[in-house]
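Colleague: I should like to understand how the labels given to parts of a model are justified. May I put some questions to you about the one shown here?

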Amino acid sequence: MPAPLEFEIADELSKCIDGRYSLEEFRQWFVPTSLDIEASGNQAAIDLAYRIDGILAEASSANWKDDDIVEELAHIPLVPVGENRNTG
């Protein structure tokens, strides 16, 4: 059974935050995933995607450096690690 979308987003974001992915690699994954996020009906995933999208949009308009963007993304609370990922 696939993990709920909010866990998938959180996992991909954590890879960017801890340096396993570049910011560009995260964006390449995130943009198509978030384009129609509302259709998922998963409110936790929608909220998380909106928070990430808001930071990326602000960073783009203010010409932030990638390191600054990743630092800001790191402030987003992610799904607690102890949560059971098989429920949804």
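Modeller: The answers below set values against definitions, and the model they concern is a predicted one.

Colleague: What makes Glu12 and Lys15 a salt bridge?

Modeller: The side chains of Glu12 and Lys15 meet at 3.3 Å, N to O. The cut-off is 4 Å between a Lys or Arg nitrogen and a carboxyl oxygen, so this pair qualifies. Both residues belong to helix H1 and are three residues apart, about one helical turn.

Colleague: Why is Glu12 called buried?

Modeller: Buried means under 20% relative accessible area. Glu12 has 10% and therefore counts as buried. Lys15, at 21%, is not under that limit and so is partly exposed.

Colleague: How do you know that Arg20 is exposed?

Modeller: Exposed requires over 50%. Arg20 has a relative accessibility of 53%, so the term applies. Its salt-bridge partner is Asp18, at 3.0 Å, N to O. Asp18 has 47% and is therefore partly exposed.

Colleague: What is the length of helix H3, and what span is expected?

Modeller: Helix H3, residues 43-62, has 20 residues and reaches 28 Å from its first C-alpha to its last. The expected span, at 1.5 Å a residue, is 28 Å, and the helix is close to it.

Colleague: Which residues of H3 are buried, and what covers them?

Modeller: The buried residues of H3 include Ile46, Leu48 and Ile52. Among the elements covering the buried residues of H3 are helices H1, H2 and H4.

Terms used: Residues are numbered from 1 along each chain as its sequence is written. This is a predicted model: local features need pLDDT of at least 70, side-chain atom pairs count only at pLDDT 80 or more; totals for chains, interfaces and linings use all residues. Side-chain values use heavy atoms; hydrogens and water are left out. Helices (H or I, at least four residues) and strands (E, at least two) are DSSP runs, numbered from the N terminus. The expected span of a helix is 1.5 Å times one less than its number of residues. Buried means under 20% relative accessible area, exposed over 50%, partly exposed in between (1.4 Å probe, protein chains only). Contact means heavy atoms within 4.5 Å.
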